[in-house]
Each structure stands twice: as structure tokens, then as C-alpha cells.
Amino acid sequence: MRCRLRGRMMGSFKINGLDSLINDLSALAALPDSVAEDMLNAGADIIEAEQHKTAKSMGVYDTGVTEGSIKKTKVKKTATGKSIDIFPQGVNSDGNRNAEVAFINEFGKSGKHGKKGQPARPFIRTANEAAEERATEAEEKVYNDFLNGKNL
């Protein structure tokens, strides 16, 4: 770019690489679906493993059905992006949903008609809190690998 003041040249400057920077920023803005899905799966793998471990350590393991039913879902598209769920799936041999059994373990159950209640064993919250930092780091690693592949 050149600047003139009343017919006299004042100075000039040239910008190199601006197009390349714009292209790089455009590539970042358009995060591929596969990278987003890989990030979600990396974090979910950590959380799922921690939920299994914590369920066993907190005694949510009478028959192992509820603990064994904890699985991540496939990545789903939502109105705001993508999501993945981790929860006990299916039903046990008594026909009870494993998610319902896990809920009772998580929050406890009050006794009725003189029966003893069940104290809460918050294995899901405990596991999620314990795995939070490692899950985030796993997701960040996937993202950083993507950036490094783009030389950014």
C-alpha cells in the first residue's frame, strides 16, 4: 500500500502472509465433524472407565449388571452442536431399567412401611468429578493434534 500527501510519496508498507492467516483462521472456524466427534469420544472413554471403577469401589456391584451396563452412546447432533451420553443402558433380569437402578444407587431410597432405606452412593457424580480434568485433557489432545496437523 502506498500513501501520498499532496503529490509526494510519504511511505509504503507491504503485508505478507495475510491471506495465509485468513485461510488458517477459516480452517479453525470450520472444525471438521470428525474432530469434534473424536474429541467427545476421547473424553467419554475416560468418564465411562471412571464410572465403572467408582461403581465397583462404592459397592454398586451386587451382580455387576448395573455397573456393566454403563456405556457411552454414539455422538448425536443437537441444536447447538454435538453431544455424547454415558449412562447405564438396558434392563436387568427383573425387568428394571439399569438407569433407574443406578438412580436409586446415586441418590438413595427412603424406607417405607418400616423397611430400611438405601443410603445414597453417588458413584456417577463422584466418577465424573474425578475424571473431569483427564477427560478435558484427552479432548484437548485431540484438538491439539488437529491443529498440529494444520501446522497451527
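A pocket, as I use the word here, is an open set of grid points where a 1.4 Å probe fits, with protein on both sides within 12 Å along at least five of seven lines. The model I looked at is predicted.

**Entry 1: the pocket.** I looked up the largest pocket and found a volume of about 420 Å³. The elements that give two or more residues to its lining are α3 (65–68) and α4. Of these, I noted that α4 gives the most, with five residues. The lining as a whole comes to 22 residues, and those nearest the pocket centre are Asp-62, Thr-66, Asn-92, Val-101 and Asn-105. I sorted the lining by residue class and got ten polar, seven charged and five nonpolar residues.

**Entry 2: the chain as a whole.** I then went through the secondary structure and listed five helices and six strands. Read from the N terminus, the order is β-β-α-α-α-β-β-β-β-α-α. The chain has 152 residues, and 23% of them are buried. I took the contacts between residues at least 6 apart in sequence and found that 47% of them join residues at least 24 apart. For the surface I have about 10,900 Å² exposed, with 52% of it supplied by carbon and sulfur atoms.

**Entry 3: two residues of α4.** I picked out Asn-98, which lies in helix α4 (residues 98–107). Is Asn-98 buried or exposed? Its relative accessibility is 2%, so I entered Asn-98 as buried, the cut-off for that being under 20%. Beyond its neighbours within four places in sequence, Asn-98 is in contact with Val-65, Thr-66, Ser-69 and Pro-88, and also with Gln-89, Gly-90, Val-91 and Asn-92.

Glu-100 has its place in helix α4 too. I entered Glu-100 as partly exposed because its relative accessibility is 38%, and that class runs between 20% and 50%. I also checked Glu-100 against Pro-88, which is twelve residues away along the chain, and the C-alpha atoms are separated by 8.5 Å.

**Entry 4: the nonpolar core.** Which residues make up the largest nonpolar core? I found five: Ala-55, Val-60, Ile-70, Ala-102 and Phe-123. In soluble globular proteins, nonpolar side chains tend to be buried together. I followed up Phe-123 and, leaving aside neighbours within four places in sequence, listed its contacts. Among them are Ala-55, Val-60, Ile-70 and Ala-102. The list for Phe-123 also holds Gln-51, Thr-54, Met-58, Asn-105 and Glu-106. Asn-105 had already come up in my pocket entry, as one of the lining residues nearest the centre.

Terms used. Residues numbered from 1 in each chain as written. Predicted model: local features only at pLDDT ≥ 70, side-chain atom pairs only at ≥ 80, totals over all residues. Heavy atoms only, no water. Core = buried A, V, L, I, M, F, W, Y, C linked by side-chain atoms within 4.5 Å. Buried < 20%, exposed > 50% of the residue type's maximum accessible area, 1.4 Å probe, protein only. Contact = heavy atoms within 4.5 Å. Helix = DSSP H or I, 4+ residues; strand = E, 2+ residues; numbered from the N terminus. Areas by Shrake-Rupley, 256 points an atom, 1.4 Å probe, with all protein chains shown as cover. 1 Å grid on protein atoms, 1.4 Å probe; cavity = no way out; pocket = protein on both sides within 12 Å on 5 of 7 lines; lining within 4 Å. Points joined across faces, edges and corners; volume = space filled by probe spheres on them. Nonpolar A, V, L, I, M, F, W, Y, C, P; charged D, E, K, R; others polar.
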